[in-house]
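Good morning, everyone, and thank you for making time for this. Please have the sequence and the coordinates open while I talk.

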Amino acid sequence: MRHAVRCCIWCWVITATLCVAAGAATLGDTFVVRVYYTSGEDIQRLVTRYDVHEFNDHDERCLLLTASTGTLARLRAEGWQVMIDTNRSLEFIPPRDVFRRPPPASVRPHEFYGNYKTAQEIVAHLHALTAAYAHIATLVKYGEAFCKSTGGAVTPGGQTQEVHDLLALRITATNTPGSKPVFFLMAAIHAREITTPELALRFAHWLLEGYNTDADATWLVNEQETWIVPLVNPEGHWIVSLGTQPPYNGNPFTQRKNAHQDRCTAWPPGDWAQYGIDLNRNHSFLWGTTGISTAPCDLVYCGLAPASEPEVAQLQQLITNLFPDQRGPLITDPAPSNTTGILISLHSYGRYVLWPWGHTSAPAPNQAGLRAIGLKLARYNRYRAGQSSTMLYSTSGDSTDWAYGELGIPAFTFEVGTSFMPAYSAIDSDQWPTNKGALVYAAKIARAPYVLVNGPDALHVELSPTPSNIVVVQAVIDERGSGSNLVAGAEWALEPFHHAAVETYSMHAADGAFDSVYEPVVGYLDSAALEGPYTMIYVRGRDALGNWGPMSAVFAGEIPEPAVGLACLLGLLTFCQRRFDRAHDLFTLRPGQRAEARN
Ligand code: 0X9
Ligand code: ZN
């Protein structure tokens, strides 16, 4: 009964929406449909046979699928309860006049579907970045994609497949010695998830342009290595953009897999059948065990063998070279709490943060740590967070199960956005601002993710001048996303806290007592200390359990002019007069040397 009512409401909503939408856009022959399930087996059946989106409505108990009219008929014939989701269908199929117009010959050839970069353009962009930032960025060829490594190919439509190297951008200041923690960011293992390479490139820009202008970007480049693979599946990306080119002149093709024509001749790539191997089912950890298909045209075809595809084999090799193996051989072995390094694989869509295991609903041996990090990342992007198998569906051979299962790397899938191919403007209006904080946070905890996630964040680090030679260091220590214990302390230093023999200086609660989960803190330093080789001030906070969180920094030169500084100072002085007085007693200031705390 409840169902019948819901059905009628749906019919009404669909009809009404269709009428309202008629002026703006019309549905084509591809829809986004809701398919209702009753059991976990239903989910797995749908996932392995249809083009299921990264969406699982646990309340309504339905999945979203892309379906052509033929697929729709087939679903219904198989007895599934299916509803067309009109709004999502319209979103999925953009207005013809905007995107389906054949590009005039004068249009920049390296963009498609608005301003999305073609594979060639992404390669050119990477070369340009490494040329402009040669002191901190290098482009690493870590292999060749399938068609390049096998001598090329022609599509069933007669076009010569564009072939590609596999490229990674390594960002680090090479003049800081020693082995460094690694943050590995990969994107577009699924070709049609075309906002993800753009997000990876925006993170690269943030680091490179921020070097020497943003204090946090600067220490991340100095102290760590960031590896960015914006196009894990470059030849698949070329197929996607081919849909917008002559003779097709339509929407991008929804190619998900690589360009390996393994016993499938389906063309053009559809939601129901396309050639290629699903690279996110091809990794060698428990390959081929669940959530896969062995039919070559299926969307989740796992290939003939573990890591059979060079895109996967070479990626696994690259990651293995960068990270130590930190997990034992047994499926139940946890990685140690001081595990170093972190990996994020960007997918679309659904607004999820997901962690291993993906192959089983059993918790991973590091479930508590993975969950703590996942929830923290989701605090930044406000996505829903959960174990990938239970939040969505089970898969095997995905990148994050491999990275965690094989090497113990805390590895996360982000499902960004609300459709595969939104208007290009959605990247800068939504996806990048939404995810930037989460990516920066992941980078900041890369040294010891399971440890640092337990401590509070250090936010809003600022310096203010005083009438004397004392500079006030201010910050906010925020424990709310890290276990919500009380903040119990904070400290600043002129070097990163992990440096040997670093001198650290205590900070005080601005309101006089550490008695909250969110504490503005202040410290004091001798401005003479800033005339030395030190260019940044680092701050970190500690909770009542003794957990230190990741550090944040400010440039020593970022002391506001007195006019602004005085305004700040007036507020500060009334706020923490007693602390300020006490500070004079606590510090011995020696011109030209660093301030030393006596406590
Ligand atoms: O199915 C996938 O490979 C990922 N979703 S997508 O829609 N982008 O294709 C999800 C991988 C996460 N793992 C599990 N859900 N087990
Ligand atoms: Zn994906």
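Val33 stands opposite Leu65 in strand β3, and that pairing belongs to a ladder of seven bridges that joins strand β1, residues 30-36, to β3, the two strands running antiparallel. I should say straight away that what you are looking at is a predicted model, so please hear everything that follows as a description of that model. Strand β3 covers residues 62-68, and because six of its seven residues are buried, this strand is largely enclosed by the rest of the structure. Cys62, for its part, counts as buried because its relative accessibility is 0%.

Let me stay with strands for a moment and move towards the other end of the numbering. Strand β19, residues 518-526, has seven of its nine residues buried, and therefore it too is largely enclosed by the rest of the structure. Which strands pair with β19, and in what sense? Strand β16, residues 470-478, pairs with β19 in the antiparallel sense over nine bridges, and within β19 it is Pro520 that stands opposite Val476. Strand β18, residues 504-509, also runs antiparallel to β19, with two bridges joining them, and there the bridge partner of His508 is Val522.

Now to the metal. Which protein atoms serve as donors to the zinc ion, ligand 2? They are ND1 of His190, two OE contributions from Glu193, and ND1 of His347, and they lie 2.0 to 2.4 Å from the ion. Along the chain these donors follow the spacing H-x2-E-x153-H, and the long gap in that pattern links distant parts of the chain, since Glu193 sits in the loop between β9 (182-187) and α8 (195-210), whereas His347 belongs to strand β11, residues 342-348, with the two positions 154 residues apart in numbering. Glu193 and His347 are both buried. For those of you who would set up the site for a calculation, please keep in mind that water is not among the atoms, so the site may look incomplete.

From there I would like to turn to Asn233, which lies in the loop between β10 (225-229) and α10. Is Asn233 buried or exposed? Its relative accessibility is 0%, and it therefore counts as buried. A polar atom of the Asn233 side chain lies 3.0 Å from the backbone oxygen of Lys257. If we leave aside the neighbours within four places in sequence, the residues in contact with Asn233 include Ala188, Ile189 and Ala191, together with Arg256, Lys257, Asn258 and Leu279.

Next comes the disulfide, and the structure holds one of these. Cys264 is joined to Cys297, with an S to S distance of 1.9 Å, and the link is right-handed, with 105° about the S-S bond. Both cysteines are in the loop between α10 and α11, and they are 33 residues apart. How do the two ends compare in accessibility, buried or partly exposed? Cys264 is buried, because its relative accessible area is 5%, while Cys297, at 22%, counts as partly exposed. Cys302, with a relative accessible area of 1%, is buried.

Finally, some backbone geometry that I would ask you to look at with care. Most residues other than glycine have a negative phi, and most peptide bonds are trans. Against that background, where are the cis peptide bonds to look at? A cis bond joins Pro246 and Pro247, with omega about 5°, and Pro247 lies in the loop between α10 (234-242) and α11 (310-322). The bond from Pro356 to Trp357 is cis as well, with omega near 0°, and Trp357 has its place in the loop between β12 (352-355) and α12 (367-381).

As for phi, Leu286 is not a glycine, and yet it has a positive value of about 50°. Leu286 is found in the loop between α10 and α11, and with 35% relative accessibility it counts as partly exposed. Arg382, also a residue other than glycine, has a positive phi near 60° and is found in the loop between α12 and β13 (384-387). Arg382 is exposed, because its relative accessible area is 67%.

How values were computed
Residues numbered from 1 in each chain as written. Chains lettered and ligands numbered in written order. Predicted model: local features only at pLDDT ≥ 70, side-chain atom pairs only at ≥ 80, totals over all residues. Heavy atoms only, no water. Donors = N, O, S within 2.8 Å, 3.2 Å for Na, K, Ca; no water. Helix = DSSP H or I, 4+ residues; strand = E, 2+ residues; numbered from the N terminus. Buried < 20%, exposed > 50% of the residue type's maximum accessible area, 1.4 Å probe, protein only. Pairing = 2+ DSSP bridges. Disulfide = S-S within 2.5 Å. Polar contact = N/O pair within 3.5 Å; in protein donor to acceptor, adjacent residues only side chain to side chain. Contact = heavy atoms within 4.5 Å.
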